[in-house]
Amino acid sequence: MNRRSVISTGATLLVASMALTACGTRGGDSGGSSDGAGSGDKVVKIGVISPLSGDLSALGLGIQHSVELAAKQANDSGDLGDWKIEVVPEDDEGKPEVGKNAASKLASDKDVIGVVGTLNSSVAGPVQPILDKAKITMVSPANTNPTLTRGAKPADAPERVYDSYFRTCTTDAIQGPFAARYLYEKAGIKELATVHDKKTYGQGLVDAFSAEYKKLGGKIVAAETINPDEDKFSAVVSSLKAKKPKAVYYGGEYPQAAPLSQQMKAGGLDVPLMGGDGIFSPEFIKLAGKDAAGDLATSVGAPTASLDAGKKFLDDYEAAGYSDPAEAYGAYSYDAATAIIEAMKVSLKDAETVEDARQGTIDAMKDVSFDGVTGKVAFDEYGDTTTRILTVYEVKGGAWKDVNTEEFK
């Protein structure tokens, strides 16, 4: 995943204003021919691969609708001439094999030029080579594992694996250390425990966090793992409690983080649980209930509602009438789609077919640079975002409140 940030106050407004069907797409919001495209218009498609069902569907649907909003606005602007964008969402269920099948389906469609996704880093791995072979640009709003852009040895010997892959979110190599510095230097917590779900995102985040925390002088008194398919963690809680940590740093997502937090407090381990962007969702607070108070999360970027462009995005999203909130990655998905659209302005200009423009879109991505709703959007030589601003959020009064935003250096 790995998250970008729409703060819960914005999400609450969105929820209150949305009353459509579960799929959440109004007529015309897909950006396709129903959006008023005439018979002379040519169709170009942007796919979405994210979990549209299951435990993580709140995040996945926010990704889908944010891409739909970007496509609709691009169609309305007429910036692509007689090309009209159609959004094609595919459900990966948060599972690598399902994501692989979704990628194969999109790659076989001659009108697909780009894909926004995936949510999970573990799903991105099998998706990347399929889209790359088809010369389809992939931009993730949420993948945070460093190996996806910099290869097997991202720190020691970085090497770009797929020229077609980009992301608008920062990586675990930044998010983990950012959280470590906050807990050690600002919160004054010198001893803690770690837990992760054994998945690519969770383990990578904990590894990056632990290395920085130890470097600062912090002591990790316990390092536990959980099974992501379970929701009863009494054995882990008992083990953690015996070590008396002052906080627990969790690598994983909210469906497991919330019950872990709840069971920690019920078991007498009344300390903050902190996680990455995978737990930064109103769903975490809903699931954990009152026990979420004081828990922490990091997310990339400044709070969306603190930026003028971010406020406009939230207003436009609400006005579009989607039945699902933009959630943690909505703004970054909108910027991911916009990045593809900016590249399409170059690649489609003289193209007869979408397939003719696929390589040109990949080539044009290296020069994409614009002021997005999450801040400046541009990519380095590996396809990573050049933005290194992150925010710490704390659950206060039943909502996520930003407590620290700064650039990681």
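1. Helix H12 (residues 330–347) lies across E1, E2, E3 and strand E4 (137–140), and runs at about 160° to E3. Helices (H or I, at least four residues) and strands (E, at least two) are DSSP runs numbered from the N terminus. Contact means heavy atoms within 4.5 Å. Axes are lines fitted to C-alpha atoms, for helices over the stretch in contact, and angles run from 0 to 180 degrees between N-to-C directions. Helix H13 (residues 354–365) lies across E1, E2, E3, E4 and E5, at about 45° to E3.

2. A note on the source: this is a predicted model, in which local features need pLDDT of at least 70 and side-chain atom pairs count only at pLDDT 80 or more, while totals for chains, interfaces and linings use all residues. Residues are numbered from 1 along each chain as its sequence is written, and side-chain values use heavy atoms, with hydrogens and water left out.

3. The sheet under H12 and H13 comes next. This open sheet has five strands in the order E2-E1-E3-E4-E5, with parallel pairing; two strands pair if DSSP finds at least two bridges between them. Its edge strands, E2 (83–91) and E5 (165–167), each pair on one side only. From one strand to the next, the twist averages 25°.

4. Within that sheet, E1 (residues 42–50) and E3 (residues 112–117) run parallel and are joined by five bridges. Which residue in E3 is the bridge partner of Ile-46? The partner is Gly-114. Strands of a sheet pair through backbone hydrogen bonds, either parallel or antiparallel.

5. Another open sheet has seven strands in the order E7-E6-E8-E9-E10-E13-E14, with mixed pairing. Strand E7 (219–225) and strand E14 (399–407) stand at the edges with a single partner strand each, so one side of each has no neighbour in the sheet. Neighbouring strands here are turned by 25° against each other on average, direction ignored.

6. At the E14 edge, eight bridges join E14 to strand E13 (residues 389–396), and the two run antiparallel. Lys-396 stands opposite Ala-399 in E14. Helix H9 (residues 254–266) packs on the sheet and touches E6, E8 and strand E9 (273–275); its direction makes about 165° with that of E9. Helix H8 (residues 234–243) lies across strand E6 (191–196), E7 and strand E8 (248–251), running at about 170° to E7.

7. Strands E11 and E12 form a hairpin with two residues between them. Four bridges join E11 (residues 369–372) to E12 (residues 375–378), and these strands run antiparallel. Phe-370 has Val-377 in E12 as its bridge partner.

8. The largest pocket holds about 450 Å³ of space. On a 1 Å grid over the protein atoms alone, a pocket is an open set of points where a 1.4 Å probe fits, with protein on both sides within 12 Å along at least five of seven lines; lining residues have an atom within 4 Å of a point. Grid points are joined across faces, edges and corners, and a volume is the space filled by probe spheres set on the points. Of the 24 lining residues, Pro-146, Pro-154, Thr-171, Ala-173 and Ile-174 lie nearest the centre. Helix H7 gives the largest share of the lining, four residues.

9. The second largest pocket has about 370 Å³ of space. Its lining has 16 residues, and Asp-55, Lys-199, Pro-228, Asp-229 and Gln-256 are the closest to its centre.
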